[in-house]
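Visitor: Please show me the model. I would like to ask a few things about it.

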Amino acid sequence: MSTKDPQIQTEHESSSRLREQRLQKLEKIKSLGIDPYPYKFSRTHKAIELQNKYKDLQNSQETNDKVIVSGRIHNERNDWIFIDLYDDSGKIQLYCDKEKLDKKLTEFLPLLDKGDFIGATGTVRRTPRGELSIKVSEVTLLCKSLLPLPEIIEGKKRHLGIHDIETRYRQRYLDLIVTSTTKETFKKRAQIISGLRNYLNAKDYIEIDTPVLQVEAGGAEARPFVTHHNALGMDLYLRIATELHLKRLVVGGFEKVYELGRIFRNEGISTKHNPEFTSIELYEAYADYNDMMNLTEDLIKTICLQIHGKLQIEYQGKIIDFEKPWARISMLDLIKEHAKVDLSDAPCEKIIEVFEKTVESKLIQPTFVKDFPLEVSPLAKKHRSINGLVERFELYMNGWELANSFSELTDPLDQRKRLEEQAKKKVSGDHEAHPLDIDFITALEYGLPPTGGLGIGIDRLIMILTNSASIRDVIAFPTMKPV
RNA sequence: GCGCCAGUAGCUCAGGGGUAGAGCACUCGGCUUUUAACCGAUUGGUCGCGCGUUCAAUUCGCGCCUGGCGCACCA
């Protein structure tokens with residue numbers, strides 16, 4: 001529980017007048033013996049089903065087909081003659097022919113408001129203007145809404161909408177109601193995530209959940225969130241990666257494992273960073289980082305095709321082409337190409353610095369940047385033929401790091417040495433150094449087969465595939481300071 | 001963390017040292033079997049918060065809060 005006094009808001013100061021009007025309508029509705037918050041409603045069709053079924057119905061043509069729909073009222077015209085009703089599939093117009101309506105119903109209609117949920121029964125017709133409609137005979141209130149929905153005008157068109165970006169993030173439910181592209185983005189997000197699972201499951205990868213609460217947060221360089229377990233009387237960390245536990249599972253005999261889930265990093269917030277974000281990590285026994293490149297490329301191409309039906313997509317005005325074979329270039333070669341210097345013998349920090357300054361932002365098209373300095377990769381196997389480097393790649397596109405992968409370090413003695421180095425750094429004040437996870441090293445001593453590992457930042461992938469400018473646009477409830 | 005910009009009615013915005021403005025929404029009335037309908041009237045605000053300057057601050061100054069963008073850090 002928060003130590004702050006809970007502030008129970010009984011007044012919606014700013015909209016109290018509009019809310020008051022709706023409360024009065026609510027009272028009238030109750031006095032008519034109508035339950036404004038009923039338990040259940042059965043419909044026969046969703047909006048899109050009707051739109052499809054009757055797409056050949058001519059203007060002014062009427063049917064005797066009786067249908068029942070339900071949804072939220074977004075708009076009303078001409079004194080409740082026309083109602084735009086939305087369900088999660090789309091819009092269907094209700095037509096209330098007042099001369100033929102039951103008198104009780106005509107009196108009931110003005111008690112409705114935009115935002116209310118209703119169910120409606122009637123026959124299908126297309127109006128002379130060509131709008132598929134339901135000629136209503138019965139209306140059931142399904143939920144009385146007390147607060148007005150935001151509405152804006154663009155050009156000459158009035159419609160529900162919000163421009164204020166802060167409201168859209170803080171009150172995502174409003175954004176979802178009034179911004180159609182928001183709903184589309186989150187539908188696509190769901191498709192991408194299930195597409196990932198389907199792809200891996202079909203290749204016999206098994207998904208296993210590993211702990212979020214950890215005694216030491218290892219597997220990456222990042223500052224963790226700290227929390228406290230009361231019964232154990234100890235602090236725990238939220239995971240910053242799933243790496244070390246997934247590799248334990250490979251030690252245990254699972255040859256293809258993955259975990260798709262939330263990880264937490266106690267770092268800055270930006271259009272590309274949210275403190276909690278979704279990653280997928282996968283590990284495959286007997287594979288190396290070259291296999292991981294093949295897998296990454298095929299996986300992302302497959303998902304892109306599923307979502308877009310093509311491999312060239314537009315991201316914020318740039319065309320990203322997934323079709324051509326993705327470039328696979330060593331970090332040092334990229335530095336030679338862009339900075340015109342050979343840093344083969346330079347210290348690790350220099351290489352990383354020059355790469356980040358001169359190369360990173362230019363990698364718009366999908367590019368595997370491979371062969372990293374050893375010092376920044378304590379979990380990766382030494383390069384099989386180049387001294388001082390490791391077998392590691394990062395996938396870049398649009399100038400962003402999207403994935404990270406190694407031929408996993410399997411030598412327990414080497415791993416112990418490298419994590420001890422990290423532990424020293426940590427002691428001397430580097431908050432982001434890897435902790436020494438003794439049990440992980442013990443697991444390696446029992447034996448980890450040659451293993452390829454891969455991690456992908458799912459939110460960034462979704463940003464690219466949904467043409468979203470900010471990570472907040474692909475996370476339903478992004479981290480925000482309370483007002 | 002630093003810099004720039006923003007916060008005024010339910011929504012979108014204008015304004016600017018002297019009682020706070022518009023469009024739409026809302027409410028009421030009229031007209032209409034009609035498709036942002038239309039016409040008319042009435043509502044509606046602690047101008048993000050605090051302190052200062054001033055006879056007077058929503059406006060000017062300083063501080064703070066929240067957000068956006070850029071940079072830094074990171075994925």
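Guide: A phosphate oxygen of RNA strand B is 3.1 Å from a polar backbone atom of Asp164. That is a polar contact, a pair of N or O atoms within 3.5 Å (within protein, one must be able to donate a hydrogen and the other to accept it, and residues adjacent in sequence count only if both atoms are side-chain atoms). The model is predicted: local features need pLDDT of at least 70, side-chain atom pairs count only at pLDDT 80 or more, and totals for chains, interfaces and linings use all residues. Residues are numbered from 1 along each chain as written, chains are lettered from A and ligands numbered from 1 in written order, and side-chain values use heavy atoms, without hydrogens and water.

Visitor: How far from a phosphate oxygen of RNA strand B does a polar side-chain atom of Arg472 lie?

Guide: RNA strand B also has a base oxygen 3.5 Å from a polar side-chain atom of Tyr95. For Arg472, the partner is a phosphate oxygen, and the distance is 3.0 Å.

Visitor: What share of the atoms of RNA strand B within 4 Å of the protein belong to sugar or phosphate?

Guide: Bases make up the rest of these atoms. The sugar or phosphate share is 68%.

Visitor: Which residues come nearest to RNA strand B?

Guide: A residue counts as near if one of its heavy atoms lies within 4 Å of the strand. There are 48 residues around RNA strand B. Those that come nearest are Gln21, Arg77, Ile81, His273 and Arg460.
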